[in-house]
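I opened my notebook beside the model and went through it one topic at a time. The entries below follow the order in which I looked things up.

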Amino acid sequence: MFKYYNMNQLVLPLDLEIKLQENDIAFHIHHLVESIPDEAFQPFLRNTGCPAYHPRMMLKIILCAYSQSVFSGRKIEALLKDSIRMMWLAQGYEPSYRTINRFRVHPEVKELIRQCFVQFRCQLVEEKLIDQEAIFIDGTKIEANANKFTFVWKKSIEKYNQNLIEKSNQLYNELLEKEIIPEMERENEGELSVEELAQMVQQVDEVIKEYDQKIETSPDATERKALRSERKYPKRVYKQLIDLILRKQKYQKDFEILGERNSYSKTDLDATFMRMKDDYMKNGQLKAGYNVQIATEGQYALAYSIFPNPTDTRTLIPFLNKIEKDYFPLPKYIVADAGYGSEQNYEDILSNRKCEALIPYTMYEKEQKKKYKQNPFHPDNWMYDEESDTYICPNQQRVTFRYRSVRTDKTGFKRELKIYECENCSGCPFRSSCTKAKEGNHRKVMVNEKWEQQKEYVRAKLSEEKAGSIFRQRKIDVEPVFGFLKANLRFTRFSVRGKSKVENEMGIALMAVNLRKYTANKDQLTKNNGYKWKKENLSWLKFSFFLSRS
């Protein structure tokens with residue numbers, strides 16, 4: 001006997017929602033997108049042309065596809081015909097892959113993604129899944145959708161540009177000596193501008209035309225031959241000047257694209273070449289990519305931002321600014337790893353934002369080790385006389401204060417240093433171990449008082465029981481989010497090009513990770529409640545059976 005099977009009979013129900021499981025991720029995506037205010041969808045309204053698909057529907061199907069590790073527009077289109085949850089979210093509509101691709105990179109979608117993060121965080125707060133006491137910040141590098149070999153390096157452009165400047169100045173001086181062009185009033189004596197080179201081209205072209213006219217009017221063949229010989233140099237210079245102008249315009253465009261970066265890719269101008277740990281041996285591979293910064297709590301990504309620079313130190317302040325502006329007020333504790341520990345970052349968090357910085361500095365872990373504390377040649381282990389403001393070196397020589405110095409880094413941040421110098425290092429038996437200064441020079445020590453105070457604050461704060469426990473939670477809070485993103489979701493490379501489009505895709509991917517995590521937690525809670533109910537009822541049945549037997 002077989003179960004009844006007939007392809008010619010209508011099968012109920014027709015509503016696809018009944019086919020979905022009770023805690024399906026499609027329901028959470030639906031509730032999240034429906035919680036976005038209607039005002040966020042107003043920019044998508046158009047008064048002309050064919051009516052567009054509703055942005056709510058488009059956002060739902062894209063979030064659902066990303067949660068299933070489907071990032072291709074064509075594959076998302078295919079899912080709309082195969083997946084029950086996708087068909088339910090789309091309510092029978094089947095937008096093409098072109099429509100899907102255009103929507104997810106649309107500039108107005110950025111506000112919808114921001115609203116998703118805001119509404120999702122409000123939902124977490126309402127359900128008491130996060131306590132809003134701290135945020136955990138970390139970054140990772142994700143490969144750009146760019147060719148691996150079409151790179152442009154800033155140092156190379158600077159080198160070629162300098163050679164061009166020298167060559168153009170040399171050519172200008174030659175033309176002046178041979179009296180082919182008159183002397184010009186230059187804006188910059190060290191470099192010829194594109195306009196000045198174009199003026200030189202015009203003047204050389206006039207000289208060539210004069211030679212052409214003389215050759216045409218001259219009746220003597222010998223004279224015409226001599227004039228053609230003289231015309232060769234201006235014609236060669238004319239070609240060189242055209243080439244110099246084109247190269248100079250190219251280098252200027254390269255510098256505009258580079259900005260403060262050290263490289264860019266020709267196929268994605270916003271991507272920067274960074275070291276990425278791709279293989280199991282952790283060998284750094286240079287690839288075009290973006291530095292993704294996220295802020296998490298409870299293993300949920302609450303905010304994110306994209307940066308072109310590979311190091312994390314200079315990303316913290318602009319990222320915190322974006323969190324305050326677009327997402328939520330900063331909590332009491334800001335937690336990050338040692339890659340964010342710098343004087344500028346500490347000053348911004350402690351003085352400007354009035355928050356607690358649970359961020360160790362680079363040498364924090366090393367300073368805790370016995371080898372560092374017993375190193376007699378490190379100034380931190382030297383005796384210090386506060387009254388005379390001097391240190392005592394291992395050779396019992398006085399290292400006295402000499403002068404103050406102010407140093408400015410690339411970002412314009414100024415550091416005030418106190419410079420100490422040993423009175424006499426000549427004949428010191430520890431010289432080779434203590435200093436690398438040349439013979440005749442003495443050991444110098446640079447002390448940043450503000451930095452030392454900040455380090456002392458960090459050491460004291462991380463030694464507290466509560467702050468220390470919050471800091472130790474960082475590894476199990478922010479790191480798993482990157483694991484979910486790259487291992488579970490398999491999102492290791494962007495599908496779009498350009499920073500604006502990359503920001504949209506990154507927001508969709510992180511929200512997909514959040515929804516998968518949220519759905520899994522709901523499933524676990526349901527199972528635990530079911531197990532608890534079964535256990536309680538089983539105990540009651542046993543007790544009833546015991547009463548009946550007695």
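**Ala288.** I count two residues as in contact when they have heavy atoms within 4.5 Å. The model is a predicted one. I started with Ala288, which sits in strand β5, residues 284-297. Setting aside neighbours within four places in sequence, I found Ala288 in contact with Glu143, Ala144, Ala146, Ser265, Ala271, Thr272, Phe273 and Met276. Is Ala288 buried or exposed? I read a relative accessible area of 3%, so Ala288 is buried. I also checked Ala288 against Thr492, 204 residues away in sequence. Their C-alpha atoms are 13 Å apart in space.

**Nonpolar cores.** Next I looked at how the nonpolar residues gather. In soluble globular proteins, nonpolar side chains tend to be buried together. Here the largest nonpolar core has 105 residues. Which of its residues touch the most other members? I noted Ile137, Phe491 and Met506. Helix α18, residues 499-549, gives this core its largest share, 10 residues. I then listed the contacts of Met506, again without neighbours within four places in sequence. They are Ile142, Val292, Tyr304, Ile306, Leu485, Phe491 and Phe494. Another core, of 28 residues, lies apart from this one. Its members include Ile157, Tyr211, Leu241 and Leu258.

**Leu59 and helix α5.** I moved to helix α2, residues 55-67, where Leu59 lies. Leu59 has a relative accessible area of 2% and is therefore buried. Beyond neighbours within four places in sequence, I found Leu59 in contact with Val33, Ile36, Phe103, Leu112 and Cys116. Val33 is 26 residues from Leu59 along the chain, and I get 7.5 Å between their C-alpha atoms.

Phe103 took me on to helix α5, residues 97-104. In α5 I marked Tyr97, Ile100, Phe103 and Arg104 as buried. Viewed down the axis of α5, the buried residues fall within an arc of 130 degrees, so they line one face of the helix.

**Cysteines.** How many disulfides does the whole structure hold? My search found zero. I checked Cys422. Why is Cys422 not bonded to Cys425? Cys425 has the closest cysteine sulfur, and at 3.7 Å from that of Cys422 it is too far for a bond. My cut-off for a disulfide is a pair of cysteine sulfur atoms within 2.5 Å. Cys428 is in no disulfide either. For Cys428 the nearest cysteine sulfur is in Cys393, 5.9 Å away. Both cysteines I checked are buried: Cys422 has 2% relative accessibility, and Cys428 has 17%.

**Cavity.** I then searched for enclosed space. I counted one cavity of 30 Å³ or more. The largest cavity holds about 50 Å³ of space. Its lining includes the cysteines Cys393, Cys422, Cys425, Cys428 and Cys434. Asn395, Gln397, Asn424, Arg431 and Thr435 also line the largest cavity.

**Pocket.** I turned to open space. The largest pocket has a volume of about 980 Å³. It is lined by 32 residues. Which of them are closest to its centre? I wrote down Asp380, Met446, Trp451, Glu452 and Lys455. I also sorted the lining by element. α13 (370-373), β12 (414-422), β13 (444-447) and α15 (449-463) each supply at least two residues. The largest share, six residues, comes from α15.

**Backbone angles.** Last, I looked at phi. Most residues other than glycine have a negative phi. I noted two residues that go against this. Gln396 has a positive phi of about 60 degrees, although it is not a glycine. I placed Gln396 in the loop between β10 (390-392) and β11 (398-408). With 59% relative accessibility, Gln396 counts as exposed. Arg490 also has a positive phi of about 60 degrees and is not a glycine. Where is Arg490 found? I located Arg490 in the loop between α17 (479-488) and α18. Arg490 counts as exposed, at 54% relative accessibility.

Terms used
Residues are numbered from 1 along each chain as its sequence is written. This is a predicted model: local features need pLDDT of at least 70, side-chain atom pairs count only at pLDDT 80 or more; totals for chains, interfaces and linings use all residues. Side-chain values use heavy atoms; hydrogens and water are left out. A nonpolar core is a set of buried Ala, Val, Leu, Ile, Met, Phe, Trp, Tyr and Cys residues joined through side-chain atoms within 4.5 Å. Buried means under 20% relative accessible area, exposed over 50%, partly exposed in between (1.4 Å probe, protein chains only). Helices (H or I, at least four residues) and strands (E, at least two) are DSSP runs, numbered from the N terminus. The arc is that of the directions from the helix axis to the C-beta atoms. On a 1 Å grid over the protein atoms alone, a cavity is a set of points where a 1.4 Å probe fits but cannot get out, and a pocket is an open set with protein on both sides within 12 Å along at least five of seven lines; lining residues have an atom within 4 Å of a point. Grid points are joined across faces, edges and corners, and a volume is the space filled by probe spheres set on the points.
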